[in-house]
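Biologist: Could you take one strand of this model and go through its surroundings closely, with the criteria behind each term spelled out?

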Amino acid sequence: MEQVDKTFNGTVTALKGMSLQVREGDFISLLGPSGCGKSTALRLISDLLHPTSGRITWAGEHDSGDLGVVFQEPTLMPWATVAQNVWLPFRLRGQSYTAVRDDVLQALKLVGLEKFQNSYPRELSGGMKMRVSIARAMVTRPRLILMDEPFAALDEITRFKLNNDLLRLKAAIGCTVIFVTHSVFESVFLSDRIVVMAARPGRVITELAVDAPYPRDADFRTSPEYAAFTRRATDALHDAMGEAA
Amino acid sequence: MSIADPTDPPLQLDADETARLRRKRVEKFGKWLLPALVLVIMLALWDRIVVWNEIPHYILPGPGLVFETLIKDWAMLFEALLVTVQITLMALAVAVVGGVGLAVLFTQSRLVEMSFYPYAVILQVTPIVAIAPLIFIYVDSRIAGLLLCAWLVAFFPVLSNTTLGLNSADHNLRDLFRIYGASRWQTLRFLQLPSALPYFLGGLRIAGGLSLIGAVVAEYVAGTGGLKSGLAFRILEAGYRLNIPRMFAALILIAVTGVIIFAGLSFLSHMLLRKWHESALKRDH
């Protein structure tokens with residue numbers, strides 16, 4: 001999956017000449033203001049949209065189990081239990097629950113919700129629903145997980161906690177993550193590469209490397225280097241906004 | 001905030017809370033008590049009006065006489081009730097199968113929907129009393145004619161509600177299904193049908209009442225007596241004979257049947273949705 005490379009123009013030019021090389025194991029944040037084509041980029045990668053021009057390629061074979069997606073909303077099926085929701089990717093590939101129960105329970109355990117497998121989504125808090133959504137994205141052990149502002153609707157405390165957990169989970173299953181956000185702090189804390197984008201037309205402005213070692217924990221948030229990276233990312237974003245205006 | 005000391009006095013109920021609890025109690029009893037009270041008053045009033053004005057029973061019978069007739073004619077009325085209920089339930093079943101089937105067809109193919117939806121609307125808005133006589137000209141079997149009439153009235157709410165429900169599945173979930181490469185059948189089975197369930201059940205409750213109305217109207221039009229006559233025919237027949245108490249008794253049976261159908265379908269709806277749907281949730285405040 002080393003060469004996701006794409007350039008394209010939409011009718012309203014949602015995204016212009018975007019190129020991105022994703023390496024196995026990367027944690028990439030797409031950072032930018034609203035309307036910069038971050039979500040469009042994700043929809044292109046997930047094959048929900050097709051590029052007007054340019055190409056998106058994966059290195060090697062891939063199937064539906066190689067991709068996991070987390071939306072801004074938890075997007076759970078309200079009529080199904082937590083375990084049934086996490087089972088969904090397998091179910092759509094024709095695998096019975098008994099055949100994959102271990103994987104489902106393992107994924108729930110990773111997000112700390114194994115006790116809630118028989119609960120219905122409405123019985124869970126916003127943060128817990130999001131965890132279920134993440135468990136569903138990870139359950140097939142995908143090579144790539146796309147996250148579209150997954151924590152934007154959560155409160156700050158829950159958000160911090162889920163950020164920490166996300167890094168732990170990524171390390172546990174060893175996947176690549178492309179993460180859309182408009183929070184500078186979130187992108188610096190999570191990613192090793194930040195792609196800064198600008199709006200109208202949506203395009204890539206610059207790319208920053210956050211070369212602080214993983215695992216990162218709460219200490220990293222208060223470290224001087226975190227502050228420095230945040231500074232650089234903020235400046236880059238500021239430039240991007242300035243150019244757009 | 002402090003940790004509760006066992007010697008602390010029990011938590012005080014403030015004025016708001018006491019008022020809220022009182023409201024809850026009033027509502028709990030009032031829900032049953034008030035309609036019952038209205039019923040008793042109305043019956044007493046009805047009875048007194050008949051007695052004081054010395055209204056003859058072939059114009060307006062008192063409630064006592066109606067009740068007496070209900071018991072006296074029970075065997076005949078109950079038999080008629082069974083016929084009507086049978087038509088109603090069969091029509092409802094056909095309405096469900098036809099309504100859901102058409103809705104699924106409509107959502108699977110936009111072309112089919114565009115072609116046939118206007119005709120479904122036309123069937124719905126044309127009064128059944130106007131169509132029924134024609135139906136009985138062309139359909140030989142009386143039972144099939146009754147069924148057809150009741151179905152025509154009942155299937156539309158099922159169709160339109162289910163179509164709405166099938167189309168209102170969460171868009172992100174749809175995307176998710178596409179990303180995971182779900183087939184049409186899987187999307188229908190695992191996403192659209194469950195999303196449509198609350199809408200369908202809403203339509204079903206309306207259809208339940210309508211199929212009873214359809215059955216009764218059709219019986220009026222079909223008219224013919226014979227051994228297998230429904231309640232509507234009994235009402236007509238009693239009317240010809242100026243047997244007003246029996247008309248009332250039959251009317252009461254029809255009304256009670258309608259209420260039972262509605263209550264049954266509401267209960268079914270509650271049981272199917274109580275675990276997950278907003279409509280079935282109780283809120284404390």
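Modeller: Ala198(A) stands opposite Arg203(A) in strand E6 of chain A, and this pair belongs to the antiparallel pairing in which six bridges join strand E5 (residues 193-198) of chain A to E6(A), residues 203-209; two strands are said to pair if DSSP finds at least two bridges between them. Strands (E, at least two residues) and helices (H or I, at least four) are DSSP runs numbered from the N terminus. This is a predicted model, in which local features need pLDDT of at least 70 and side-chain atom pairs count only at pLDDT 80 or more, while totals for chains, interfaces and linings use all residues. Residues are numbered from 1 along each chain as its sequence is written, with chains lettered from A and ligands numbered from 1 in the order in which they are written.

E5(A) and E6(A) form a hairpin with four residues between them, and in that turn Arg200(A) has a positive phi of about 45 degrees. E5(A) also pairs with strand E1 (residues 27-31) of chain A, here in the parallel sense and over four bridges, and in this pairing Ile28(A) stands opposite Arg193(A) of E5(A).

As for burial, E5(A) is mostly covered, with six of its six residues buried, where buried requires 20 or more other C-beta atoms within 10 Å of the residue's own, exposed 12 or fewer, and partly exposed a count in between, the C-beta atoms being placed from the backbone. Arg193(A), Val195(A) and Met197(A) point one way from the strand, whereas Ile194(A), Val196(A) and Ala198(A) point the other way, and all are buried.

Beyond the strand, chain A also meets chain B: 16 residues of chain B are in contact with 16 residues of chain A, contact meaning that the C-beta atoms of two residues, placed from the backbone, lie within 7 Å. On the side of chain B that touches chain A, helices H7 (171-179) and H8 of chain B each supply at least two residues, and H7(B) gives the most, with seven residues. The residues of that side divide into nine nonpolar, three polar and four charged, counting Ala, Val, Leu, Ile, Met, Phe, Trp, Tyr, Cys and Pro as nonpolar, Asp, Glu, Lys and Arg as charged, and the others, Gly among them, as polar.
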